[in-house]
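Dear colleague,

I am handing over the structure below, and after it I set out what was found, beginning with the charged pairs and then turning to how some of the helices pack.

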Amino acid sequence: MAEYFIPNGKELRIALSGKSGCGNTTVSTLLANKLSIKLINFTFRQLAEEKNITLAELIERAKSDSSYDKEVDSKQVMLAQKESCVLGSRLAIWMLKEADLKVYLIASDEIRAKRIFNREGGNLDEIKKFTAMRDAEDSGRYKKLYGIDNNDYDFADLKIDTALYTPEQIVDIILKTAHNKNLLELKI
């Protein structure tokens, strides 16, 4: 596989989004490692630690207080603005306006449910129902909080069906695209 690097004096911010089970975390981690840049994925778990409360307590509070969602989202953007990074989150391509490359990962509901099942176990039919419910709740919350329709990702620079490629192949596609946009140089 070709090796790419960020040109001297330049910074690179890649925003990567997709629904649960699309491979966001895996691809974001591989991509950040490949480029030796920071991976940003600030979550409720980290916010709970900062506030010195349990994750369960924060999730319960967040049900009736949207400030927790907004704090997590704004913190991710603030961190991403500081340095070259891969920002991997459900809303990264919408929230990080200055991203140099916006990537949206796609997978069918069936494939997403199977991946979650393989990762976490459980009952596949229950996972399908839970994932559909979570998708609907997430979409409603994003629309209410930010006016974002997370089913409208046509503006993304790159849309990848993750059922067609391995995570490593997806990273390679992203790197080649960044290189073609003159965001990365190829090591010779």
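The count of salt bridges comes to 16, and please bear in mind throughout that this is a predicted model. Side chains of opposite charge can pair when their charged atoms come close. A few of these pairs deserve a description of their own.

In one of them, lysine 51 is joined to glutamate 71, with 3.3 Å between the closest N and O atoms. Because lysine 51 belongs to helix α2 and glutamate 71 to helix α4, this pair ties together parts that are 20 residues apart in sequence. Lysine 51 is partly exposed, at 34% relative accessibility, and glutamate 71 is likewise partly exposed, at 29%.

Two further salt bridges each lie within a single helix. In helix α6, which covers residues 109-120, arginine 112 and aspartate 109 are three residues apart, about one turn of the helix, and their side chains meet with an N to O distance of 3.0 Å. How do the two partners stand with respect to burial, is arginine 112 buried or exposed, and is aspartate 109 buried or exposed? Arginine 112 is buried, its relative accessible area being 1%, whereas aspartate 109, at 56% relative accessibility, counts as exposed.

In helix α8, residues 167-180, the partners are lysine 176 and aspartate 172, four residues apart and again about one turn of the helix, and the N to O distance in their salt bridge is 3.2 Å. Here lysine 176 is partly exposed, with 43% relative accessibility, while aspartate 172 counts as buried at 15%, since the cut-off for buried is under 20%. Apart from these pairs, a network of salt bridges links Asp69, Asp138 and Arg141.

Turning to the packing of the helices, the axes of α2 (residues 44-51) and α4 (residues 67-82) come within 10 Å of each other and cross at roughly 105°, and the two helices are therefore roughly perpendicular. On the α2 side the contact is made by Phe44, Leu47, Glu50 and Lys51, and on the α4 side by Tyr68, Asp69, Glu71, Val72 and Lys75. Sorted by class, this contact has four nonpolar, no polar and five charged residues. Lysine 51 and glutamate 71, the salt-bridged pair described above, are among the residues of this contact.

Helix α2 also packs against helix α3 (residues 55-62), at an angle of about 105° and with the axes 9 Å apart, which makes α2 roughly perpendicular to α3 as well. The residues in contact are Phe44, Arg45, Leu47, Ala48 and Lys51 from α2, together with Leu55, Leu58, Ile59 and Ala62 from α3. By class, the contact of α2 with α3 has seven nonpolar, no polar and two charged residues.

Finally, a word on the cysteines: the count of disulfides comes to zero. Cysteine 22 is buried, with a relative accessible area of 3%, and cysteine 85 is buried too, with a relative accessible area of 0%.

With best wishes

Technical notes. Residues numbered from 1 in each chain as written. Predicted model: local features only at pLDDT ≥ 70, side-chain atom pairs only at ≥ 80, totals over all residues. Heavy atoms only, no water. Disulfide = S-S within 2.5 Å. Buried < 20%, exposed > 50% of the residue type's maximum accessible area, 1.4 Å probe, protein only. Axes fitted to C-alpha atoms, helices over the stretch in contact; angles between N-to-C directions. Parallel < 35°, antiparallel > 145°, perpendicular 65-115°, else oblique. Contact = heavy atoms within 4.5 Å. Nonpolar A, V, L, I, M, F, W, Y, C, P; charged D, E, K, R; others polar. Salt bridge = Lys/Arg side-chain N within 4 Å of Asp/Glu carboxyl O.
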